[in-house]
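Here are my notes on the model you sent. Please read them with the structure open beside you.

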Amino acid sequence: TGYDITVASEVMAIFCLSESISELKTRLGKIVIGYTYEKTPVTASQLKVHGAMAALLKDALKPNLVQTLENNPAFVHGGPFANIAHGCNSVIATKLALRMGDYTVTEAGFGADLGAEKFIDIKCRQAGLSPDAAVLVATIRALKMHGGVAKDSLKTPNVEAVRKGLPNLLKHIENIQGFGLPPVVAINHFATDTDEEVAVVEQACAALGVKAVKATHFADGGAGAEELAKAVLKVTSDGKPQLKFTYPSEMPLWNKVKTIAQNIYGADDIMADAKVRQKFKDLEAAGYGNLPICMAKTQY
C-alpha cells in the first residue's frame, strides 16, 4: 500500500495495544483529531475514517517470526518510541510467545523509570499481563558516566566513579521492587571493564539481596548469557509475584502524574501553570480520567 507507520505515531502505539482487527478499529476511531468551539473532542470515528485506517493495517497485525543467529525464535512486531509512547512491542506478539514457548522475554523501553513503568502501568494493565521477573541491564560505562566521568574517558578503569554512579542503578532496582517484581541485574560487559569495577556492582546488588551477573553475550553469543538465564530462572522459581501498579485507574490524572514523579523519579512535587491544570480537568470532563499516564522524557 505504501502506507508506513512511524514509531513516533500514535497509530503505532494503538496498533501495539490492540489484540484484534475489531479492537484496532475501535481504538483508531477514538483518536481525537481536534475540538469543536465548545471544546468537545472530534474523533476519527465521527469522520468515518477509522474503518479505512484499520483496513490498511490488517496485514500488519500478523506478527513477524524471525530467528536469531543461534536459531532461537523471536517475534519482531511493533515499535512505538519509548520516550514519547509506551515503548513496548505488540500485545499480540507477547501473548503469542507466551502460548508457544516455555519462557518469554520482552523488552520495555529504557530504564526502570520510563520503560518498566509504562510497560506495567499501560501494557500489563490493559492486556492483563503479569511478568514473573525483571532483568535490569546496566553497563560499567554508564555507571562511570553517572559518577561524573566524561564520555571520552569511559574506557579508563575507575572504581571510584562506578561507586559514585551506583545510586542511579540502585534507584532502578528500587523501582522494580516497587512493582512487586524480583529483579536480576545484567552487567552488559565491555572489553574495557575490569574485574574490580564489576565486583563493585555485584557487591552493591548483593547487599540488597539482588543477583548481578556479568553478561558477555555480545562477544560470546548465547553462551555469554547462560549464567544470566540461570539467575532469572532461580528468581522465578520462588513463586508468582504479585504485580503492583504505580497508581489506580480511578486516581485523578494530576495525581497520577504526581505519583509517577514522586515514586518513580524521586521528585518532591510537581507544578504547572493554570492552563496546564485546566487541561487535566478538560481531559477528565471529556471522559479520559481513567486512562493511564504515558510519561514522556529523554533517556537521560
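1. Start with helix H7, residues 159–178, which holds both Glu-160 and Arg-163. The two residues are 3 apart, about one turn of the helix. Their side chains meet in a salt bridge, with 3.6 Å from N to O. Glu-160 is partly exposed at 42% relative accessibility, and Arg-163 is partly exposed at 45%. Keep in mind throughout that this is a predicted model.

2. A second pair within one helix is found in H2. Arg-27 forms a salt bridge with Glu-23, and the closest N and O atoms are 2.9 Å apart. Because Arg-27 and Glu-23 are 4 residues apart in helix H2, about one helical turn separates them. Arg-27 has a relative accessibility of 24% and so counts as partly exposed. Glu-23 is also partly exposed, with a relative accessible area of 24%.

3. The next pair does not sit within one helix. Lys-95 and Glu-19 meet through their side chains in a salt bridge of 3.1 Å, N to O. Lys-95 belongs to helix H4 (residues 91–100), while Glu-19 is in the loop between helix H1 (10–17) and helix H2 (21–29), so the salt bridge ties together parts that are 76 residues apart in sequence. Lys-95 is partly exposed, at 22% relative accessibility. Glu-19 is partly exposed as well, with a relative accessible area of 34%.

4. How many salt bridges does a search of the whole structure find? The search finds 12. As background, side chains of opposite charge can pair when their charged atoms come close. Salt bridges also link Lys-58, Asp-59 and Lys-62 in a network.

5. Now the strands. Is strand E6, residues 183–188, largely enclosed or largely open? Of its 6 residues, 5 are buried, so E6 is largely enclosed by the rest of the structure. Strand E5 (residues 134–138) pairs with E6 in the parallel sense over 5 bridges. In this pairing, Leu-136 stands opposite Val-185 of E6.

6. E6 also pairs with strand E7 (residues 211–215): the two run parallel and are joined by 5 bridges. Here Ala-186 has Val-213 in E7 as its bridge partner. To get from E6 to E7, the chain passes through helix H8 (residues 195–206), and this β-α-β crossover is right-handed. I suggest tracing this path by eye in the displayed model.

7. The structure holds 1 aromatic pair. Trp-254 and Phe-280 make up this pair, which is edge-to-face, with 5.3 Å from centre to centre and 80 degrees between the planes. Trp-254 lies in helix H11 (residues 253–263) and Phe-280 in helix H12 (residues 274–285), so the aromatic pair ties together parts that are 26 residues apart in sequence. Both Trp-254 and Phe-280 are buried.

8. Another buried residue is Cys-124, with a relative accessible area of 1%. Cys-124 lies in helix H5, residues 111–127. Because buried means under 20% relative accessible area, the value of 1% puts Cys-124 in that class. From Cys-124 to Glu-227 the distance in space is 27 Å, C-alpha to C-alpha, and the two are 103 residues apart in sequence.

9. On the surface, Ile-33, Leu-47 and Val-49 make a nonpolar patch of about 260 Å². Leu-47 is in the loop between strand E2 (41–43) and helix H3 (50–57). Leu-47 is partly exposed, with a relative accessible area of 48%.

10. Lys-48 is also placed in the loop between E2 and H3. What is notable about its backbone angle phi? Phi of Lys-48 is near 60 degrees, a positive value in a residue other than glycine. At 70% relative accessibility, Lys-48 counts as exposed.

11. Asn-71 likewise has a positive phi without being glycine, with a value near 70 degrees. Asn-71 is located in the loop between strand E3 (64–67) and strand E4 (73–76). With a relative accessible area of 55%, Asn-71 is exposed.

Terms used:
Residues are numbered from 1 along each chain as its sequence is written. Side-chain values use heavy atoms; hydrogens and water are left out. Patches are made of residues with over 30% relative accessible area and no salt bridge: like charges are joined within 9 Å, nonpolar side chains (Val, Leu, Ile, Met, Phe, Trp, Tyr) within 5 Å. Accessible areas come from the Shrake-Rupley method with a 1.4 Å probe; for residues, only the protein chains shown count as cover. A salt bridge is a side-chain nitrogen of Lys or Arg within 4 Å of a carboxyl oxygen of Asp or Glu. Buried means under 20% relative accessible area, exposed over 50%, partly exposed in between (1.4 Å probe, protein chains only). Two strands pair if DSSP finds at least two bridges between them. A crossover is right-handed if, with the strands pointing away from the viewer, the path from the first strand over the helix to the second runs clockwise. Rings of Phe, Tyr and Trp (its six-membered ring) pair if their centres lie within 6.5 Å; planes under 30 degrees apart count as stacked, over 60 as edge-to-face and the rest as tilted.
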